[in-house]
Protein chains: 2
Amino acid sequence: MERSPNPELACPVAPVVDIVFSRWTTPILWALHEYGRQRFGELERLLPTITPKVLTQRLRQLERDGLVARTYHAEMPPRAEYEITPLGASLGPLFAQLATWADTGLPEVERARQAYDSH
Amino acid sequence: MERSPNPELACPVAPVVDIVFSRWTTPILWALHEYGRQRFGELERLLPTITPKVLTQRLRQLERDGLVARTYHAEMPPRAEYEITPLGASLGPLFAQLATWADTGLPEVERARQAYDSH
DNA sequence: CAGAATCCGCAGAGATACTG
DNA sequence: CAGTATCTCTGCGGATTCTG
């Protein structure tokens, strides 16, 4: 088995992380996956602490990466709707497994932290 | 089905992301998982672009979270070894599924980006 | 060798205000 | 309503230096 000189690049997980697990992307994808198609304002209400600027940035990134689809209606008032794409939905099992790991993993992490913090 | 007021907190994936997918954590875990127990300098060599300060920070975080174990030998010269814990190793299937998703997902993302960038 | 300490730059987040 | 336009500010991360 040959040693790769740079696991940072060889690590097959790293590129996915940049796409799927950057700031705010998982809560956005989760909201769209759970509650279906949402308007911009609805997403703002679902994610109370995000600012419109950042929400726009993340939605654009997700749209560019093909995980989210945007449909814009130039009515008055304007209407923009966001929904998850098949590619985005294909992350579902992954998120499910992540949630499953969290069930037992997070408590263990919490215990490890308390043990560590009390020297 | 009741609507949670804050998917950012309700999203069961979010807390895991902070622990597992913060900067440099996946390449480090990957390296320890692939190549087994490593000394500090060996990790530095495996991750050529990381600085010792950041490597130390991330290793401390991973140790505190119980994903990595550190054994220190106060010899001369000193020797510190890092290995993945059972908890850290329990992320293996997750990483495998992530890598599997990458096989088909990354090319699709790439196509989506090119389509988006050419308007 | 394995780090700690310090200084520094800057990308990205947040707050606020404005527009088609 | 669905964003943009500025501004500010924090925290990550890099570079450098020092030590047991």
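How far is a phosphate oxygen of DNA strand C from an N or O atom in the side chain of Trp24(A)? The distance is 3.4 Å, and it counts as a polar contact, defined as a pair of N or O atoms within 3.5 Å (within protein, one must be able to donate a hydrogen and the other to accept it, and residues adjacent in sequence count only if both atoms are side-chain atoms).

This is a predicted model, in which local features need pLDDT of at least 70, side-chain atom pairs count only at pLDDT 80 or more, and totals for chains, interfaces and linings use all residues. Residues are numbered from 1 along each chain as its sequence is written, chains are lettered from A and ligands numbered from 1 in the order in which they are written, and side-chain values use heavy atoms, with hydrogens and water left out.

**DNA contacts**

Around DNA strand C there are 20 residues, of which Lys53(A), Arg58(A), Arg39(B), Arg70(B) and Tyr82(B) come nearest; a residue is near a strand if one of its heavy atoms lies within 4 Å of it. Sugar or phosphate holds 76% of the atoms of strand C within 4 Å of the protein, and bases hold the rest. For DNA strand D, the surrounding residues number 19, and Arg39(A), Arg70(A), Tyr82(A), Arg23(B) and Lys53(B) come nearest. Of the atoms of strand D within 4 Å of the protein, 69% belong to sugar and phosphate.

Further polar contacts to phosphate oxygens are listed here.

| Residue and atom | DNA strand | Distance |
|---|---|---|
| Arg39(B), side-chain N or O | C | 2.9 Å |
| Tyr82(B), side-chain N or O | C | 2.5 Å |
| Arg60(A), polar side-chain atom | D | 3.3 Å |
| Ala80(A), backbone N or O | D | 3.3 Å |
| Arg58(B), side-chain N or O | D | 2.9 Å |

Two or more residues near strand D come from each of α4 (40-46), α5 and β3 (79-84) of chain A and α5 of chain B. Helices (H or I, at least four residues) and strands (E, at least two) are DSSP runs, numbered from the N terminus. Near strand C, α5(A) gives the largest share of the surface, four residues.

**Helix α7 of chain A**

The 26 residues of α7(A) (residues 92-117) should span 38 Å at 1.5 Å a residue, and the end C-alpha atoms are 35 Å apart, which agrees. The expected span is 1.5 Å times one less than the number of residues. At Asp103(A) the helix bends by about 45°, and Pro107(A) follows within four residues. The bend is the angle between axes fitted to the seven residues ending there and the seven starting there. After α7(A) comes His119(A), with a positive phi near 50°.
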